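User: I'm new to reading protein models. Could you walk me through the reasoning behind some of the words people use for them?

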Amino acid sequence: MRTASSRRHLRGATFLRAALVVSAAVGLAVGVPSVFLAGGSGDALEQAASHQEAAFAASNLPEPVAPAFVPGKPKLLRVSSHVKRWAVVRTVVAARVAPHARAPAITELETRTPEGTTNIVLVLGNRVDGAGRLWIRVRLAVLDEPSAGWVPREALGSYGTVTTRLVVDLGSLQATLFRDGQTVFRADVGVGKPAWPTPRGDFYIRNKLKGYASPMYGPVAFGTSARSRVLTDWPAEGFVGIHGTDRPDLLPGRVSHGCIRMRNDDILRLAKLMPVGTPLTIR
Amino acid sequence: MSADIERETSGPATDLTLEQLDGDGALQESIAGFYGDTRAGLLRKAVIGGTTMLATLASPPALAAEISKRNDVRIFQYALNFEYLQSSFYTETERAGTVARMEEAKAVWARTLGAHERAHVKIIKQVLGDAAPKKPLFDFRGNTESESRFTRTAVAMEDLTTALLTGVTPALRSQGLVAAAFSLLTVEARHAAWARHLAGIVPVAAAFDRAKPVSEVDRIVASTRFTSTLVPRTTARMEPKFVG
């Protein structure tokens with residue numbers, strides 16, 4: 001009785017014989033010397049085939065070892081306009097109006113925010129200057145235009161990515177968080193009174209503060225890159241925050257000094273959904 | 001200067017060169033044979049970019065007699081860190097828009113390698129389970145935003161991964177893991193050859209690939225400082241001073 005192994009060897013030998021015959025025929029046709037033509041007869045071919053067959057049959061090699069794991073099907077990266085990047089400011093650096101070292105400076109980027117957290121910037125693009133130096137265009141936490149500037153890549157550290165975007169509508173007094181373009185959060189907000197308006201424009205979330213004991217800011221506060229155009233002498237440079245409140249009865253409304261207030265349960269929900277680095281549009 | 005900034009080593013990153021990756025000179029010899037000395041000299045000086053990663057293994061040959069399943073885990077933990085490095089590198093390059101600016105053949109290569117490396121990360125993480133290390137924070141220092149720097153770094157990375165797996169795979173105790181590691185190794189070797197072809201470097205430098213000990217891989221990777229020691233602290237426990 002033939003085993004599976006011996007059947008394989010027999011099939012292999014048949015294939016080998018056929019291959020040798022074909023090789024010899026090709027050799028003849030093109031005039032290439034061949035060991036298989038040494039005897040110039042079919043007997044020689046048979047002998048060679050038998051010899052090869054015996055060599056392969058004797059090896060009796062094991063089957064391949066089954067791998068302990070096999071990766072799944074590779075997936076191409078989904079190209080999405082919703083993915084935005086932010087970068088750590090590694091060294092104090094001047095942000096310039098154009099991507100070259102002699103361009104006028106707009107502002108100086110610090111490595112820390114007024115709240116003591118690592119300073120980050122939203123990444124908008126990149127360009128290589130004539131000297132081969134890589135420059136990154138970043139959103140700036142400044143009052144005046146331009147609100148974006150260029151810094152050399154070496155002044156920045158690693159990149160983070162987000163797929164979220166927060167939109168605060170000063171007309172409808174609502175904040176909406178999108179993830180991958182889909183709405184995942186919506187809440188009523190309080191915004192600046194007419195005397196202390198919340199600034200409109202494109203900004204980003206710089207940090208998250210918690211664990212403090214100040215009821216007027218609620219349980220969590222986000223720092224943004226937006227700054228009040230009126231309260232410029234406010235401590236810590238007059239930045240606009242997004243935070244909770246001890247006066248939920250005033251929401252929605254135009255009730256703040258420029259900050260964006262939410263009910264405490266809303267800001268706690270937002271804190272679970274919105275990472276630092278998220279772009280912010282106030283319109 | 002902040003504490004997290006201070007942890008960052010000062011001074012420029014050390015770039016890898018083909019010379020560093022080709023200690024025995026086989027590649028240079030081969031390049032010279034194919035392209036002549038001028039081309040070989042040019043490539044020898046070509047900077048390749050780099051990486052920072054911590055050592056978790058001793059040199060495998062010294063421990064060959066003591067390999068254990070625990071060692072298998074450590075080897076795959078190290079391999080996962082390398083896969084993290086590669087997958088992050090390709091993913092960041094795509095997100096930076098660099099791949100979109102490449103000619104089609106090169107873009108296909110970059111996207112395919114990214115997809116492969118992400119698949120490798122996913123499966124090794126699954127295999128290691130709770131023993132899987134967390135993904136380090138990488139700072140590729142501009143090597144993902146320039147096509148030429150990306151290409152050179154990719155060549156170095158794939159070559160280094162191949163040399164690493166060539167060294168550690170025989171040290172695995174589990175035959176199933178050896179088989180899986182070989183399957184990863186052959187893919188990484190093809191990646192390396194593909195990268196070299198696109199970079200204009202001879203795809204197969206020698207008839208025999210030499211392994212690199214982990215200590216040497218570590219040294220090369222650390223010299224590039226791709227693993228960031230500057231971990232951003234974006235959350236703080238302090239009272240806000242916003243305008244309110």
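**Reading the labels**

Analyst: Sure, and keep in mind that this is a predicted model. Let's start with one residue: leaving aside neighbours within four places in sequence, A:Arg263 is in contact with A:Ala187, A:Thr245, A:Pro248 and A:Leu251. A:Arg263 is found in the loop between β16 (260-261) and α3 (264-273) of chain A.

User: Why is A:Arg263 called buried?

Analyst: The cut-off for buried is 20 or more other C-beta atoms within 10 Å. A:Arg263 has 20 of them within that distance, so it counts as buried. For chain A, buried residues make up 33% of the 283 residues.

User: What makes A:Leu251 a contact of A:Arg263?

Analyst: Two residues are in contact if their C-beta atoms lie within 7 Å. A:Leu251 is listed among the contacts of A:Arg263, so that pair meets the cut-off.

User: How do you know which part of chain A to trust less?

Analyst: Look at pLDDT, the predictor's confidence in each residue, from 0 to 100. Chain A has a mean pLDDT of 85, with 78% of its residues at 70 or more. Over residues 1-40, though, the pLDDT is below 50, and beyond near neighbours in sequence this stretch has 30 contacts in the model.

User: What makes a group of residues a nonpolar core, and which ones touch the most other members of the largest?

Analyst: The members have to be buried residues of certain nonpolar types, joined through C-beta atoms within 7 Å. The largest such core has 51 residues, and A:Ala87, A:Val121 and A:Val151 touch the most other members.

User: Why is this core said to lie between two domains?

Analyst: Because domain 2 (84-162) and domain 3 (164-282) of chain A both give residues to the core, it lies between them. Apart from it lies another core, of 44 residues, including B:Phe89 and B:Ala156.

User: How many residues of chain A are in contact with chain B?

Analyst: 57 residues of chain A are in contact with 49 residues of chain B. By class, that side of chain A has 29 nonpolar, 20 polar and eight charged residues.

User: What makes β12(A) and β3 of chain B a pair?

Analyst: Two strands pair if DSSP finds at least two bridges between them. β12(A) and β3 (residues 235-236) of chain B have two bridges, in the parallel sense, so they count as paired. In β3(B), B:Ala236 stands opposite A:Leu209.

Key
Residues are numbered from 1 along each chain as its sequence is written. Chains are lettered from A and ligands numbered from 1 in the order in which they are written. This is a predicted model: local features need pLDDT of at least 70, side-chain atom pairs count only at pLDDT 80 or more; totals for chains, interfaces and linings use all residues. Ala, Val, Leu, Ile, Met, Phe, Trp, Tyr, Cys and Pro count as nonpolar, Asp, Glu, Lys and Arg as charged, and the others, Gly among them, as polar. Helices (H or I, at least four residues) and strands (E, at least two) are DSSP runs, numbered from the N terminus. A residue is buried if 20 or more other C-beta atoms lie within 10 Å of its own, exposed if 12 or fewer, and partly exposed in between; C-beta atoms are placed from the backbone. Domain bounds come from an automatic or database domain assignment.
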